[in-house]
Amino acid sequence: MTSADLEGRIALVTGATSGIGAATASVLAERGAHVLVAGRDRTRGDGVVDVIRGRRGKADFVAADLRDAEAVRRLAREARRIGGGRVDILVNNAGIYPFGPTEQTRESDVDAVYALNVKALFFLGAELAPAMAERGSGAIVNVSTMAAELGASGMALYGSSKAALNLLTKAWAAEYGPRGVRVNAVQPGPTRTETTAGMAEDLQALASQAPAGRPATAMEIAEAIAYLAGDAASFVQGAVLPVDGGRTAV
Ligand code: NAP
């Protein structure tokens, strides 16, 4: 696979203003894709776009607060408009991950986590996968977490939302795979991003339980996402790929 193997493809990355999403936008652009950088924060989004364009890549910022299905539909419409009528690669990365005891979790926390981590992703898939299927090709990569697989104390809400994402990945692979759309997920372990910078000790404590013994960089996760998005993964469908330093293997 050449370094420009995604040339000519339109890639929409949600949550691309920060962390894993920003790194993914950068890797996909490096490989030739025109990347649509989605997020709420225009300043950070423009920053990601500027870095990509500074390296002669193609990128545009698309503002979207994915709080309800209508906002998701607007993002899909805008992405198709900028993409000249199509989106070839969708990376469902936007997510929030509040931790804490179940009994202290408020209804508003549950609503917010499920609205972004499950409902927004569900409706974005519903908007974009059918058109990919009509064209006979496309790739969707969902960003999960190792907490979707482990029964971790304090992660019931977050882990359960991403467990739903894991199942959606397989269900969509069954639904759209026969028409040329590959749907997969990466399942990261603790990763250094802008948001986790404020919880460095907890992150290291979590990471030390894995064979790798350290948190990932956002770029290490982005490389796995880009692999699943590209043709090198042409026979990979419905997979949930652990990228967790070996944590779920031991
Ligand atoms: P992050 O740095 O906190 O970035 C989150 C992204 O989501 C930002 O770009 C943010 O953009 C966007 N976002 C948040 N709320 C949104 C909303 N309502 N509408 C639209 N966009 C919204 O996240 P990260 O640490 O890179 O994590 C990215 C993904 O990886 C998440 O799904 C997370 O669950 C998963 N993950 C992370 C880790 C980790 O240790 N970091 C481990 C496993 C899995 P704006 O602020 O511009 O809206």
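**Empty space and the ligand site**

Guide: The second largest cavity has a volume of about 30 Å³. The model in which it is found is a predicted one.

Visitor: What lines the second largest cavity?

Guide: Its lining is made of Arg80, Gly85, Arg86, Val87, Leu128, Ala131, Met132 and Arg135. Helix α4 gives the largest share of this lining, 4 residues. By class, the lining has 4 nonpolar, 1 polar and 3 charged residues.

Visitor: Why is this called a cavity and not a pocket?

Guide: A 1.4 Å probe fits at the points of a cavity but cannot get out, whereas a pocket is an open set, so the name cavity says that the space is closed to that probe.

Visitor: How many cavities of 30 Å³ or more does the rule give?

Guide: The count comes to 2. The largest cavity has a volume of about 70 Å³.

Visitor: What makes up the lining of the largest cavity?

Guide: Among the lining residues are Thr14, Leu66, Asn92, Asn93, Ala94, Lys162 and Leu165. The elements that give two or more residues to this lining are α4 and α5, and the largest share, 5 residues, comes from α4. The lining divides into 7 nonpolar, 4 polar and 1 charged residues.

Visitor: Which space does the ligand take?

Guide: The ligand takes the space of the largest pocket. The rule asks that more than half of a molecule's atoms lie within 2 Å of the grid points, so the ligand is said to sit in that pocket. The volume of the largest pocket is about 1,000 Å³.

Visitor: Which residues lie nearest the centre of the largest pocket?

Guide: Of the 48 lining residues, Ala94, Gly95, Ile96, Tyr97 and Thr195 lie nearest the centre. The elements that give two or more residues to this lining are α1, β2 (34-39), α4 (107-135), α5 and α6 (200-207). By class, the lining has 22 nonpolar, 18 polar and 8 charged residues.

Visitor: Which residues come nearest the ligand itself?

Guide: Of the 30 residues around the ligand, Ser18, Arg40, Tyr97, Tyr158 and Thr195 come nearest. The shell has 11 nonpolar, 14 polar and 5 charged residues.

Visitor: Why is the approach of the ligand to the side chain of Thr195 called a polar contact?

Guide: An oxygen atom of the ligand is 2.5 Å from an N or O atom in that side chain. The cut-off is 3.5 Å, so the pair with Thr195 qualifies as a polar contact.

Visitor: How do you know that Asp65 and Asp41 also qualify?

Guide: A nitrogen atom of the ligand is 3.0 Å from an N or O atom in the side chain of Asp65. For Asp41, a polar backbone atom is 2.8 Å from an oxygen atom of the ligand. Both distances are within 3.5 Å, so both pairs are polar contacts.

Visitor: How much of the area that the ligand exposes alone does the protein bury?

Guide: The ligand taken alone exposes 900 Å², and the protein buries 93% of that. In the shell around the ligand, the elements that give two or more residues are α1 (19-30) and α5 (156-176).

How values were computed:
Residues are numbered from 1 along each chain as its sequence is written. This is a predicted model: local features need pLDDT of at least 70, side-chain atom pairs count only at pLDDT 80 or more; totals for chains, interfaces and linings use all residues. Side-chain values use heavy atoms; hydrogens and water are left out. A residue is near a molecule or strand if one of its heavy atoms lies within 4 Å of it. A polar contact is a pair of N or O atoms within 3.5 Å; within protein, one must be able to donate a hydrogen and the other to accept it, and residues adjacent in sequence count only if both atoms are side-chain atoms. Accessible areas come from the Shrake-Rupley method with a 1.4 Å probe; for residues, only the protein chains shown count as cover. On a 1 Å grid over the protein atoms alone, a cavity is a set of points where a 1.4 Å probe fits but cannot get out, and a pocket is an open set with protein on both sides within 12 Å along at least five of seven lines; lining residues have an atom within 4 Å of a point. Ala, Val, Leu, Ile, Met, Phe, Trp, Tyr, Cys and Pro count as nonpolar, Asp, Glu, Lys and Arg as charged, and the others, Gly among them, as polar. Grid points are joined across faces, edges and corners, and a volume is the space filled by probe spheres set on the points.
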